[in-house]
Structures are given as structure tokens and as C-alpha cells.
Amino acid sequence: MPQFPPPPPDFRLQTERVELRPLRDGDAAALHAVLGDAEAMTAYEGAFSRAETLAWIRRQRDRYLRDGTGLWALVSRETGELLGDTGITRQRIEEDEVWEVGYHLVRSAWGRGLALEAAARAVGWAFDQDGVDSVHAKVRDTNVRSMNVAIRLGMTVRRRFEVEYRGIRMPHLDFAVTRAEWSAARQSPRTH
């Protein structure tokens, strides 16, 4: 797997409505509105504590240094409000190491296509990097919202597997899209 250089301090990815930037310790209170929400974190078997949210941010910052990528703050360009996180992380699915797109969004922003918009920008960024041939999404098999985002990203299910988290074995689906599939979908005209 490629390792990317650490992002510069001014790293930013933008879409029409959101900006992605590195997470900072000062984001903990705003990010906790997502990670501390039991409904938003159903796939994780419940809400994170404030300490777990801060540890999550620090884990992403470690990833930036180790892998050159991680989950980034997802910020509204209109209001400047932190709405969640989105990005690319190195993950293990069974015996394979993969690049995975992740996304967590505050409930007040659900249903507006922001997770899809941010995740698509992150996937596009990943495919702009040398050596990235596919991007995956590890989705708990009960997480219909995340499945819908993965499907709308052009991903298809590659396998079923289990993850143990908080002492519970959880069935997951491995969604993925290859560089060629991503490129072909971006070049074909959209029909409605």
C-alpha cells in the first residue's frame, strides 16, 4: 500500500457546500455532537464519551503523520460549522489492508446529500494519489444510510465479514470501487 506524505498544515479539499481539513483538538466539542450521539453512532453500538471523541481526533492526527491521510473535519462552507468527519483511512478487512472512505455526519445535516458530497471528494482525492487502485467502505450490515452513500459512490459489495467492537461481533459488508470504475462513472453522461 502506498504511504502518502503528511498533509501540509493548510491542507483543504472543497466541494460546492463543504470543506475538508485536518481535525484539531479544538474540534472535540463540535465533533462530539456526532460521535456522542447514540443514534448517529448506532453502527458503533452507541455514543462515544468525550474522552473517546478526543482520542478519535488524536488517532486521526497520528494517521496523518503515519499514512498521510485520515478522517478530516467536514465543515459547512456556508456557516463554518463542523458537521462531522470524512476521509480516507488505512483499514484491515479480513487479511487485506485497504484504503477506506469513512463518514460521520451530525443528524441535523442528514438527508441533504452532504455525506455523499464529502465522501465523493475524499474518494476522488484518493484516486488522485499514486498506487490507489480501489477504495472501500466497511459498512455494518444494519447501517442502511451508510450503505446508500456507498452505493451512490458507485461501490458494490465485494464480501461479507465480521468485526468485533465493544465485545460484540458485528456483520459488515465490504463495498468497493476501483479506479477504473470510478473514472468510467465520472466520464459517462448522467441520466435521470
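The exercises below treat a pocket, some aromatic pairs and a hairpin in a predicted model.

Residues are numbered from 1 along each chain as its sequence is written. In this predicted model, local features need pLDDT of at least 70 and side-chain atom pairs count only at pLDDT 80 or more, while totals for chains, interfaces and linings use all residues; side-chain values use heavy atoms, without hydrogens and water.

**Exercise 1.** Describe the largest pocket and its lining.

Solution. Start with the term: on a 1 Å grid over the protein atoms alone, a pocket is an open set of points where a 1.4 Å probe fits, with protein on both sides within 12 Å along at least five of seven lines, and lining residues have an atom within 4 Å of a point. Next, take the volume, the space filled by probe spheres set on the points: about 1200 Å³ for the largest pocket. Of its 44 lining residues, Tyr44, Tyr103, His104, Asn143 and Ser146 are the closest to the centre. Last, sort the lining by class: 22 residues are nonpolar, 13 polar and nine charged. Here Ala, Val, Leu, Ile, Met, Phe, Trp, Tyr, Cys and Pro count as nonpolar, Asp, Glu, Lys and Arg as charged, and the others as polar.

**Exercise 2.** Classify the pair of tyrosine 44 and tyrosine 165.

Solution. Rings of Phe, Tyr and Trp (its six-membered ring) pair if their centres lie within 6.5 Å; planes under 30 degrees apart are stacked, over 60 edge-to-face, the rest tilted. The structure holds ten such pairs. For tyrosine 44 and tyrosine 165 the centres are 5.6 Å apart and the planes stand at 80 degrees, so the pair is edge-to-face. Tyrosine 44 is in the loop between helix H1 (28-35) and H2, and tyrosine 165, 121 residues away, is in strand S7. Helices (H or I, at least four residues) and strands (E, at least two) are DSSP runs, numbered from the N terminus.

**Exercise 3.** Are tryptophan 72 and tryptophan 125 buried or exposed?

Solution. Buried means under 20% relative accessible area, exposed over 50%, and partly exposed in between (1.4 Å probe, protein chains only). Both tryptophan 72 and tryptophan 125 are buried. They also belong to one aromatic cluster with Phe4, Phe11 and Trp99.

**Exercise 4.** Which residue of S5 is the bridge partner of glutamine 91?

Solution. Two strands pair if DSSP finds at least two bridges between them. S4 and S5 run antiparallel and are joined by ten bridges. Within S5, valine 98 is the partner of glutamine 91. Two residues lie between the strands of this hairpin, where glutamate 94 has a positive phi near 55 degrees.
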